[in-house]
Amino acid sequence: MTTGTLITVAPTGAESAKTEVPALPVTLDELLLTAKECEALGASIIHVHIRDDDARPTLDPGRLRATVAALRESTDLIVQLSTGGAVTDPEADRLAVLDAAPDMASCTMGTVNFGDDVFLNRWEFIVGLHTRMQERGIVPEYEIFDLGHLTALRRLLDKYGLPHGGHVHVDFVMGVPGGMPGTTAALVAAQQMLRDLPEDTTFSATGIGRSSIPVMLASLSAGGHLRVGMEDTVTYAKGRPVESNMQLVARAVGFAQLAQRPPLNTTQARELLGL
């Protein structure tokens, strides 16, 4: 079991509207403030989606490069860009995210129903992401929305080799309508399937909405790591909106300390992930 806990903050996402969630960080200044606050509490990775001047999701290349540069200048966080974007973003724009040269990027391992939408990830697109990250020295986080995605990852690694840095890290995204549920049983089943991957593979878990706390507790007890943030939940407790990403990171840090698995600092996180 890993002795420390890797904590990722996912502060914005592409689903919530600023008009409905006023605390959502959508400008660069808001994102930088959130990043600094969450790093001070114990986060070591920031999973980044960006918005345009109207607070709509965007994959604008200039904004992505500026965001990566600003986060590196202002924090020591590992910068992980989302290549998922919004469900309507075309593949070419999602591949071009890598041109911003982040430390890490997401690589979703299959198509999944996403509420009323479809989050499309064709095999050729997955291969393109994986191999481009290998070439450019970007470490992937393989996003797993359903158990079959782990089988796809085994196929990908067998055919195209290990990611840059040699370490495999996955994130179980749990509780999305259409994907695997945010339950302890589902996490245990997913963890068991990691036995088909390289021996030192690590995992984080993300609980969407009301599954946030059960997934955090299950992941910690199973030796996994945590991703929290307003991308994944905007309610701190029933009837209580999240006031800031700091709240969610602070709760994750508290749970990690109670589990006697304190947060990894950014240096330790880089060593773990092969950065």
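This passage walks through two helices, two single residues, a pocket and a cavity in a predicted model.

Helix 1 is a good place to start. Its 14 residues run from 28 to 41, and the distance from the first C-alpha to the last comes to 20 Å. That is close to the 20 Å expected at 1.5 Å a residue. Five names make up the buried set here: L31, L32, T34, A35 and C38. Because they cover an arc of only 165 degrees around the axis, they end up on the same side of helix 1. Turn to the face pointing away from that buried side, and the exposed residues D29 and A40 show up. As for what sits over the buried residues of helix 1, the cover includes strand 1 (7-9) and strand 2 (45-48), along with helix 2 (61-74) and helix 8 (245-258). Just after helix 1 comes G42, with a positive phi near 140 degrees.

Helix 6, residues 184-193, can be read in a similar way. Here A186, L187 and A190 are buried. They span an arc of only 100 degrees around the axis, which puts them on the same side of helix 6. Their packing partners are helix 5 (148-160), strand 10 (169-174), strand 11 (202-207) and helix 7.

Helix 7 covers residues 212-221, and I213 belongs to it. How far is I213 from L71 in sequence and in space? The two are 142 residues apart along the chain, and their C-alpha atoms are 28 Å apart. Once neighbours within four places in sequence are set aside, I213 is in contact with R251 and F255. The relative accessible area of I213 is 31%, and because buried means under 20% and exposed over 50%, this residue counts as partly exposed.

Q80 tells another story. Its home is strand 5, residues 78-81. Is Q80 buried or exposed? With a relative accessible area of 0%, Q80 is buried, since the cut-off for that label is anything under 20%. Again leaving out neighbours within four places in sequence, Q80 touches a run of residues from I45 and I46 through H47 and V48. The contacts of Q80 also take in M104, A105 and S106, plus the two glutamates E141 and E143.

That leaves the empty space. Rolling a probe the size of a water molecule over the atoms shows where such space is left. In the largest pocket there is about 630 Å³ of it. Some 33 residues line this pocket, and those nearest its centre are E15, F114, I208, E231 and D232. Strand 6 (104-108) and strand 8 (117-119) each give at least two residues to the lining. Sorted by class, the lining of the largest pocket holds 14 nonpolar, 12 polar and 7 charged residues.

What about enclosed space? A search of the whole structure turns up 1 cavity of 30 Å³ or more. The largest cavity holds about 30 Å³ of space. Its lining is made up of A14, H49, I50, P57, T58, L59, G85 and A86. In terms of class, that lining splits into 5 nonpolar and 3 polar residues, with no charged ones.

Conventions:
Residues numbered from 1 in each chain as written. Predicted model: local features only at pLDDT ≥ 70, side-chain atom pairs only at ≥ 80, totals over all residues. Heavy atoms only, no water. Helix = DSSP H or I, 4+ residues; strand = E, 2+ residues; numbered from the N terminus. Expected span 1.5 Å × (residues − 1). Buried < 20%, exposed > 50% of the residue type's maximum accessible area, 1.4 Å probe, protein only. Arc of directions from axis to C-beta. Contact = heavy atoms within 4.5 Å. 1 Å grid on protein atoms, 1.4 Å probe; cavity = no way out; pocket = protein on both sides within 12 Å on 5 of 7 lines; lining within 4 Å. Points joined across faces, edges and corners; volume = space filled by probe spheres on them. Nonpolar A, V, L, I, M, F, W, Y, C, P; charged D, E, K, R; others polar.
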